[in-house]
2 protein chains.
Amino acid sequence: MKQIDSRDNPGYKALKALAADAREQRRQGRALLDGVHLLQAYRDKCGPPLRLIVSEHGMTQPEVRALRESLVDVECWLLRDKLFAALSELASPSGILALIEIPQAADDGSAPQTSCVLLDGIQDVGNVGSILRTAAAAGIRDVFLGSGCAGAWTPRVLRAAQGAHFDLRIRESADLAAVMQRFTGIRIAASAHGAQPLFELDLRAPLAWLFGSEGQGISPALERLADQRAIIPLAAGSESLNVAAAAAICLFEEVRQKRG
Amino acid sequence: MKQIDSRDNPGYKALKALAADAREQRRQGRALLDGVHLLQAYRDKCGPPLRLIVSEHGMTQPEVRALRESLVDVECWLLRDKLFAALSELASPSGILALIEIPQAADDGSAPQTSCVLLDGIQDVGNVGSILRTAAAAGIRDVFLGSGCAGAWTPRVLRAAQGAHFDLRIRESADLAAVMQRFTGIRIAASAHGAQPLFELDLRAPLAWLFGSEGQGISPALERLADQRAIIPLAAGSESLNVAAAAAICLFEEVRQKRG
């Protein structure tokens, strides 16, 4: 185990840049996973990470030690608690991080044959994470994030998605218009002033769901590429739903109809 | 307009205590609303607040001035920008706050006759806020928060709920078991290991929905008081949903069935 005692260590500096910055993650093609639960999910679904990073306090935790022992062939760095805390966004640091290669979904120019989700300009990290988690739970495989979205592999999105990343093919900085144009199923824009109540749509075909930000909505050029604009019927006096709640309602209405 | 220049002003100190602490809100029976949107919703649905608090920068904003002018009979304090920023959780302060009396729903020992929501131990402020917003949008009026929940009138819950508070009757520190026992409709616990798939339940009667925290679930004593335990069917490999996403799916499945 390599011990890191100084914040001037170049390897440590590279980790710190990665922890803070979605652009740096895209540049390096790498991300940090924080905490035992996320690492277990990654290990079980994707295999060993590039490197483990453990704090001195973490090494006293049975869960952390057990995880480390299950990945004994992986390079492991031991960090002073203070250095570790500066890499973690958690108020009480988990004690273990993993450096991983961001899984890259191949882009051969084809469109998914099954239902997929497209996110346009959703910047709230909690919402992006929640939508990824809901999509995986609804059996969706492909999620496309347009360039205005929060970084999918940032610590707070990873935490909110609770390991859903490893069940999904996630494309960031995606050309959403191109995906819409190539998709051969039904393209549905979830719109605040849509034409058709969600519950009256037939959702049994493969669907491309398009969700926009709460402030801006879906950009008009993209919305025009949709076959349907769906609206969730709201009680009188209510203006809108949180976008992650709206996505949950839409994706599980599809689940319901496809079961039936 | 009263001008506050010092952080030692006793009135200012009382506001600062209120901004930071849910217990202090319950003690005073008052809360702070932050930002034009939330204040407009309050004014339109509940009437004038007790007091407006505006920053010097806020007074240069047309939206803030217009809101102030629509409430010209309400006492207004003008704060230095620095003092104002210390009352607001927003990274870019909105420039206007309102002090309000927390609306108290009368508790005459009766239970709601229409559908309601009970939250057991949900501490995440974003989830509590999102559930309140979804409940209002689904036409629910009554929400009961058990003592382990995040404070409903804290700034981040208010922000996440986007004004839904003013469409709801919210009871905090509620005796959830007593509400469950008195409720005469069907009591449904949303459970991660429930017996019945949500989509197979008949949801056309008045319902009491019981949601628990993601970590702990619903406390067993409460869960035993439910008539049904509903599970949302998840794709293979997915363990669970975010509780706010789960609540959205449940409450809008009820909306769907009641429309049909």
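How far is the sulfur of A:Cys250 from the closest cysteine sulfur, and in which residue does that closest sulfur sit? Let's start there and work outward. One thing to keep in mind throughout: this is a predicted model.

**Exercise 1. Check the cysteines**

Task: work out why A:Cys250 and B:Cys46 have no disulfide partner.

Solution.
- Step 1: take A:Cys250. Its closest cysteine sulfur belongs to A:Cys116, 14 Å away, so a bond is ruled out by distance.
- Step 2: check the surroundings. A:Cys250 is buried, at a relative accessible area of 2%.
- Step 3: do the same in the other chain. From the sulfur of B:Cys46, the closest cysteine sulfur is in B:Cys76 at 19 Å, again too far for a bond.
- Step 4: B:Cys46 is partly exposed, its relative accessible area being 35%.
- Step 5: now the total. The cut-off is 2.5 Å between sulfurs, and the count over all chains comes to zero disulfides.

**Exercise 2. Size up the interface**

Task: describe how chain A and chain B meet, going from totals to elements.

Solution.
- Step 1: count residues. Chain A puts 32 residues in contact with 32 residues of chain B.
- Step 2: get the area. About 2,400 Å² is buried between chain A and chain B, and 56% of it falls on carbon and sulfur atoms.
- Step 3: tally the polar side of things. There are 16 residue pairs in polar contact across the interface of chain A and chain B, both residues at pLDDT 80 or more.
- Step 4: find the elements. On the side of chain A that touches chain B, those giving two or more residues are helix H3 (36-46), helix H6 (125-137) and helix H10 (243-259) of chain A.
- Step 5: pick the top contributor. H10(A) gives the most to that side, with eight residues.
- Step 6: sort by residue class. The side of chain A that touches chain B holds 15 nonpolar, eight polar and nine charged residues.

**Exercise 3. Follow the charges across**

Task: find how many salt bridges join chain A and chain B, and look at the residues involved.

Solution.
- Step 1: the count between chain A and chain B is six salt bridges.
- Step 2: zoom in on one pair. B:Arg133 and A:Glu214 form a salt bridge through their side chains, 2.8 Å from N to O.
- Step 3: look for linked charges. A:Glu253, A:Arg256, B:Glu253 and B:Arg256 belong to a network of salt bridges.
- Step 4: see what else touches that arginine. A:Asn242 is in contact with B:Arg133, and also with A:Asn127, A:Glu214 and B:Ser130, leaving aside neighbours within four places in sequence.
- Step 5: place A:Asn242. This residue sits in the loop between strand S12 (228-231) and H10 of chain A, and is buried at 12% relative accessible area.
- Step 6: check its side chain. A polar atom there lies 2.7 Å from the backbone nitrogen of A:Ala244.

**Exercise 4. Which bridges span the sequence?**

Task: work through three salt bridges inside chain B, noting where their ends lie.

Solution.
- Step 1: set the background. Over all chains, the count comes to 36 salt bridges.
- Step 2: start with B:Glu172 and B:Arg26, whose side chains meet at 3.6 Å, N to O. B:Glu172 is in the loop between strand S8 (169-171) and helix H8 (176-182) of chain B, while B:Arg26 is in helix H2 (residues 22-28), so this pair links distant parts of the chain, 146 residues apart. B:Arg26 is partly exposed, at 41%.
- Step 3: go on to B:Arg187 and B:Asp227, in a salt bridge at 3.0 Å, N to O. B:Arg187 belongs to strand S9 (residues 186-190) and B:Asp227 to the loop between helix H9 (220-223) and strand S12 (228-231) of chain B, so the pair ties together parts 40 residues apart in sequence.
- Step 4: compare the ends. B:Arg187 counts as buried at 17% relative accessibility, whereas B:Asp227 counts as partly exposed at 42%.
- Step 5: finish with B:Asp202 and B:Arg204, which meet at 2.7 Å, N to O. B:Asp202 is partly exposed at 43% relative accessibility, and B:Arg204 is exposed at 57%.

**Exercise 5. Look around H3(A)**

Task: say which residues of H3(A) are buried and what they pack against.

Solution.
- Step 1: the buried ones are A:Val36, A:Leu38, A:Leu39, A:Ala41 and A:Tyr42.
- Step 2: the buried residues of H3(A) pack against several elements of chain A, including strand S2 (30-34), strand S3 (51-55) and helix H7 (155-161).
- Step 3: check what follows the helix. After H3(A) comes A:Gly47, with a positive phi near 100°.

How values were computed
Residues are numbered from 1 along each chain as its sequence is written. Chains are lettered from A and ligands numbered from 1 in the order in which they are written. This is a predicted model: local features need pLDDT of at least 70, side-chain atom pairs count only at pLDDT 80 or more; totals for chains, interfaces and linings use all residues. Side-chain values use heavy atoms; hydrogens and water are left out. Contact means heavy atoms within 4.5 Å. Buried area is the accessible area (1.4 Å probe) that two parts lose on being put together, summed over both. A salt bridge is a side-chain nitrogen of Lys or Arg within 4 Å of a carboxyl oxygen of Asp or Glu. A polar contact is a pair of N or O atoms within 3.5 Å; within protein, one must be able to donate a hydrogen and the other to accept it, and residues adjacent in sequence count only if both atoms are side-chain atoms. Helices (H or I, at least four residues) and strands (E, at least two) are DSSP runs, numbered from the N terminus. Ala, Val, Leu, Ile, Met, Phe, Trp, Tyr, Cys and Pro count as nonpolar, Asp, Glu, Lys and Arg as charged, and the others, Gly among them, as polar. Buried means under 20% relative accessible area, exposed over 50%, partly exposed in between (1.4 Å probe, protein chains only).
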